[in-house]
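Here are my notes for you, written as a short tour for someone opening this one for the first time. Have the viewer ready and follow along point by point.

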Amino acid sequence: MTEFAGNLDFPSWPQYGDAERTGLIRALEQGQWWRMDGREVDTFEAEFADYHGSAHALAVTNGTHALELALEVMGVRGGDEVIVPAFTFISSSQAAQRLGAVAVPVDVDLDTYNIDPARAAQAITERTKAIMPVHMAGLVADMDALGKLSADSGVPLVQDAAHAHGARWRGTRIGEFGTIAALSFQNGKLMTAGEGGAVLFPDAESYELGFLRHSCGRPREDRTYRHRTSGSNFRLNEFSASVLRAQLARLDGQIDTREERWPVLSRLLADIPGVVPQQVDDRADRNPHYMAMFRVPGLTEERRNALVDDLIARGLPAFAAFRAVYRTDAFWEHSSPDETAEEIALRCPNSELINSEGIWLHHRTLLGTERQMHDIAAVVAEAVAHL
Ligand SMILES: *Cc1c(COP(=O)(O)O)cnc(C)c1O
């Protein structure tokens, strides 16, 4: 094999331009920088809800708080159980645990890395208050099977859509499923203000409760400190919202580019002996591609980490996959399932594999040229050959 001689000069992230610049000045010159007296957060919420086909959007401080607020509005309390995928970023389980609930990890599908609806069904008990699919790397989870499970069991879904801005399932936008959804605007996410988050609500009642709880339980027009519910301060500021309005306007064009690039890259990756890319599901018919993910089956965690280091040394923005949530100390600090980590690992074999074999590339690689998809594959092939 010839040595790689391509160009790994991918677009940088985050992207910004005059729209963000003028937005920030507009927020500044309002002279009022919190949402209660400004227009940026209100306007962003209306635009974001409309874009996702949701009745209401509430902007919040970050995606982790968005999940906490979502679960709180759904009535999750101490001692309840929330079913989460075992393979996800820790906020999915941590949000439930912060409310005193037990996060119950279940296994994911080895092809899509999304929660396995049959495993979720097996984990339902009389204490289960929510099932939280995570749309891994932008690939919408099997909402047909999960919707049926929810209808049959009476357990509501809450979408962790931190990777899924603009995603669709059989043409249905993530705001159109009749469930609450939580999103993140952290620096690496598909639209960003450095930090930030949003909750999509399907109805006015849950939105009103969400608004109260995200603002110390205080009604919008209150002047006499009659806090109606418990809560916290999860309010987003006006500067962030002005940037997010500009970022939302960029999103569809960026998704279009990544939707063109991933089929090219995944085919090239699949041709490399020992590399298995994340599979798509044709029903997830708009995938914003938050990560370009693949596995190298047979690797231990140590060899995977060495491979990631090698990919970085060769110029790729590569990362190790998330650690399965039950394989962190954090998970066991809170009320946890009546099982040991080893017992959970035994019933989550796919999460175990992705945990140790999984690698992802930053989505800015998918904003590169088609030629660069070939360059990425050439680098991965060389690195894997040198394992
Ligand atoms: C990023 C992320 C979150 C949390 O979002 P923050 O804004 O970083 O708090 C939640 N869930 C998943 C799956 C994520 O990747």
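1. Which strand pairs with strand 9 in the antiparallel sense over four bridges? That is strand 8, residues 180-184. Before going on, keep in mind that this is a predicted model. One pair to look for here is Ser-184, which stands opposite Gly-197 of strand 9.

2. Strand 9 has another neighbour. Strand 1 (residues 56-60) also pairs with strand 9 in the antiparallel sense, this time over five bridges. To find your place, click on Ala-59: its bridge partner in strand 9 is Ala-198.

3. Now look at how strand 9 itself is covered. The strand runs over residues 197-201, and five of its five residues are buried. In a regular strand the side chains alternate between the two faces of the sheet. Here Gly-197, Val-199 and Phe-201 belong to one side, Ala-198 and Leu-200 to the other, and all of them are buried, so both faces of strand 9 count as covered by the cut-off of under 20% relative accessible area.

4. On to the ligand. The space it takes is the largest pocket. Around the ligand there are 15 residues, and the ones that come nearest are Gly-63, Thr-64, His-163, Ser-184 and Lys-189. You have met Ser-184 already, as the residue opposite Gly-197. Helix 3 (residues 63-73) gives the most to the shell around the ligand, with three residues.

5. Which atoms of His-163 and Gly-63 should you zoom in on? For His-163, take a polar side-chain atom, which lies 2.7 Å from an oxygen atom of the ligand. For Gly-63, take a polar backbone atom, again 2.7 Å from a ligand oxygen. Lys-189 has a polar side-chain atom at 3.2 Å from an oxygen atom of the ligand. Taken alone, the ligand exposes 380 Å², and the protein buries 92% of that.

6. A few backbone oddities deserve a look. Most residues other than glycine have a negative phi, and most peptide bonds are trans. Tyr-113 is not a glycine, yet has a positive phi of about 70 degrees. You will find Tyr-113 in the loop between strand 3 (102-106) and helix 5 (117-123). Tyr-113 counts as buried because its relative accessibility is 2%, and the cut-off for buried is under 20%.

7. Arg-170 is another one: its phi is positive, near 45 degrees, and it is a residue other than glycine. Arg-170 sits in the loop between strand 6 (168-169) and strand 7 (172-173). As for peptide bonds, the one from Trp-13 to Pro-14 is cis, with omega near 0 degrees. Look for Pro-14 in the segment before helix 1.

8. Two residues to finish with. Is Ile-25 buried or partly exposed? With a relative accessible area of 42%, Ile-25 is partly exposed; this residue is found in helix 1 (residues 18-30). The C-alpha atoms of Ile-25 and Phe-239 are separated by 8.5 Å, with their positions 214 residues apart along the chain. Ala-167, in the loop between strand 5 (158-160) and strand 6, is buried, with a relative accessible area of 0%. From Ala-167 to Ile-180 the distance is 15 Å, C-alpha to C-alpha, and the two are 13 residues apart in sequence.

Note on methods
Residues are numbered from 1 along each chain as its sequence is written. This is a predicted model: local features need pLDDT of at least 70, side-chain atom pairs count only at pLDDT 80 or more; totals for chains, interfaces and linings use all residues. Side-chain values use heavy atoms; hydrogens and water are left out. Buried means under 20% relative accessible area, exposed over 50%, partly exposed in between (1.4 Å probe, protein chains only). Helices (H or I, at least four residues) and strands (E, at least two) are DSSP runs, numbered from the N terminus. Two strands pair if DSSP finds at least two bridges between them. A residue is near a molecule or strand if one of its heavy atoms lies within 4 Å of it. A polar contact is a pair of N or O atoms within 3.5 Å; within protein, one must be able to donate a hydrogen and the other to accept it, and residues adjacent in sequence count only if both atoms are side-chain atoms. Accessible areas come from the Shrake-Rupley method with a 1.4 Å probe; for residues, only the protein chains shown count as cover. On a 1 Å grid over the protein atoms alone, a cavity is a set of points where a 1.4 Å probe fits but cannot get out, and a pocket is an open set with protein on both sides within 12 Å along at least five of seven lines; lining residues have an atom within 4 Å of a point. A molecule sits in a cavity or pocket if more than half of its atoms lie within 2 Å of its grid points.
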